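Q: Please take a close look at one part of this model for me. I would like to see how a single strand sits among its neighbours, and then what surrounds it.

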Amino acid sequence: AFMTLAEGKGAKIRKSTTVDTKRLFNAISSPSKPIKSIIGDTIDVIDIVVTSADVHEDANDPESPMVNKPVVHFFTLDGEHYSSLSNGIIKATENLLSIGIQPSEEAPFELRITTVDTPRGTAHSFEWIS
């Protein structure tokens, strides 16, 4: 669910904490807000959906080969939809789901969106607050 694949090889829905068809459809078809727009903020996540996108291997090089990357979508208690292709967000989401986290409207979990300095620049991630 979280690997980078050859262009065109990723499933539309790679992983999901929901079977809600509206959220699944919105993850693959509707606009979302970028995670980078809420750095430092906290969000109450009720569902996570991981989809696929064909993108350039090097986001800064339009001549680089195309690959299929996971895209993480967070649906929040206040009705917002945020998404990210960030390797840091992808890895943190993979770690979060690997420990059995199952968010819902009745049991949302709060995340703080963060940045981390890396040798290649700034990466996005998150901290689990509650």
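A: What follows starts at strand β6 and works outward. Keep in mind that this is a predicted model.

Begin with the strand itself. β6 covers residues 81-84. Both of its faces are covered. His81 and Ser83 are on one side, Tyr82 and Ser84 are on the other, and all of them are buried.

Now look at who pairs with β6. One partner is β5, and the two strands run in the antiparallel sense, over 4 bridges. Within this pairing, Phe74 has Tyr82 as its bridge partner in β6. β5 and β6 also form a hairpin, with 4 residues between the strands. Gly79 in that hairpin takes a positive phi near 85 degrees.

The other partner to look at is strand β3, residues 33-34. β3 and β6 run parallel, and 2 bridges join them. Here Pro34 is matched with Ser83 in β6. So what can you trace by eye? Go from Phe74 to Tyr82 for the antiparallel pairing, then from Pro34 to Ser83 for the parallel one.

Next, pick one residue of the strand. His81 is found in β6. Its relative accessibility is 8%, so His81 counts as buried. The cut-off behind that step is 20%: anything under it is called buried. The side chain of His81 makes a polar contact of 2.8 Å with the side chain of His73. Beyond four places in sequence, His81 touches residues including Asn26, Ala27, Ser30 and Pro31. Phe74 and Phe75 are also among the residues that His81 touches.

Now step from the strand to the space beside it. The largest pocket has a volume of about 850 Å³. The pocket is lined by 25 residues, and the closest to its centre are Ala59, Lys69, Leu85, Ser86 and Asn87. β6 supplies at least two residues of the lining, and so does each of β4, β5, α2 and β8. Which element gives the most to the lining? That is β8, with 4 residues. Sorted by class, the lining has 12 polar, 8 nonpolar and 5 charged residues.

Take those contributors in turn. Helix α2 covers residues 87-98. Ile89 lies in this helix. Its relative accessibility is 0%, so Ile89 counts as buried. Ile89 is in contact with Ser84, which is one of the buried residues of β6. Other contacts of Ile89 include Val72, Phe74 and Phe126. Ile89 and Ser37 are 52 residues apart along the chain, and their C-alpha atoms are separated by 14 Å.

β5, residues 66-76, is another contributor. Asn68 is in this strand. With 3% relative accessibility, Asn68 counts as buried. The side chain of Asn68 makes a polar contact of 2.4 Å with the side chain of Arg14. A polar atom of the Asn68 side chain also lies 3.4 Å from the backbone nitrogen of Gly10. Among the residues that Asn68 touches are Met3, Leu5, Ser52 and Asp54.

That leaves β4 and β8, which are linked through β7. β4 (residues 42-56) pairs with β7 (residues 109-118) in the antiparallel sense, over 4 bridges. In this pairing, Asp44 stands opposite Glu110. β7 then pairs with β8 (residues 121-128), again antiparallel, over 8 bridges. Arg112 stands opposite Glu127 there. A hairpin through 2 residues joins β7 to β8.

Follow the chain past β8 and you meet Ile129. Its relative accessibility is 35%, so Ile129 counts as partly exposed. Leaving aside neighbours within four places in sequence, Ile129 is in contact with Thr42, Glu110, Leu111 and Arg112.

One last stop is the loop between α2 and β7, where Gln102 has its place. Gln102 is exposed, with a relative accessible area of 51%. The cut-off for exposed is over 50%. A polar atom of the Gln102 side chain lies 2.6 Å from the backbone oxygen of Thr17. Gln102 and Ser16 are 86 residues apart along the chain, yet their C-alpha atoms are separated by 9.7 Å.

Notes:
Residues are numbered from 1 along each chain as its sequence is written. This is a predicted model: local features need pLDDT of at least 70, side-chain atom pairs count only at pLDDT 80 or more; totals for chains, interfaces and linings use all residues. Side-chain values use heavy atoms; hydrogens and water are left out. Two strands pair if DSSP finds at least two bridges between them. On a 1 Å grid over the protein atoms alone, a cavity is a set of points where a 1.4 Å probe fits but cannot get out, and a pocket is an open set with protein on both sides within 12 Å along at least five of seven lines; lining residues have an atom within 4 Å of a point. Grid points are joined across faces, edges and corners, and a volume is the space filled by probe spheres set on the points. Ala, Val, Leu, Ile, Met, Phe, Trp, Tyr, Cys and Pro count as nonpolar, Asp, Glu, Lys and Arg as charged, and the others, Gly among them, as polar. Buried means under 20% relative accessible area, exposed over 50%, partly exposed in between (1.4 Å probe, protein chains only). A polar contact is a pair of N or O atoms within 3.5 Å; within protein, one must be able to donate a hydrogen and the other to accept it, and residues adjacent in sequence count only if both atoms are side-chain atoms. Contact means heavy atoms within 4.5 Å.
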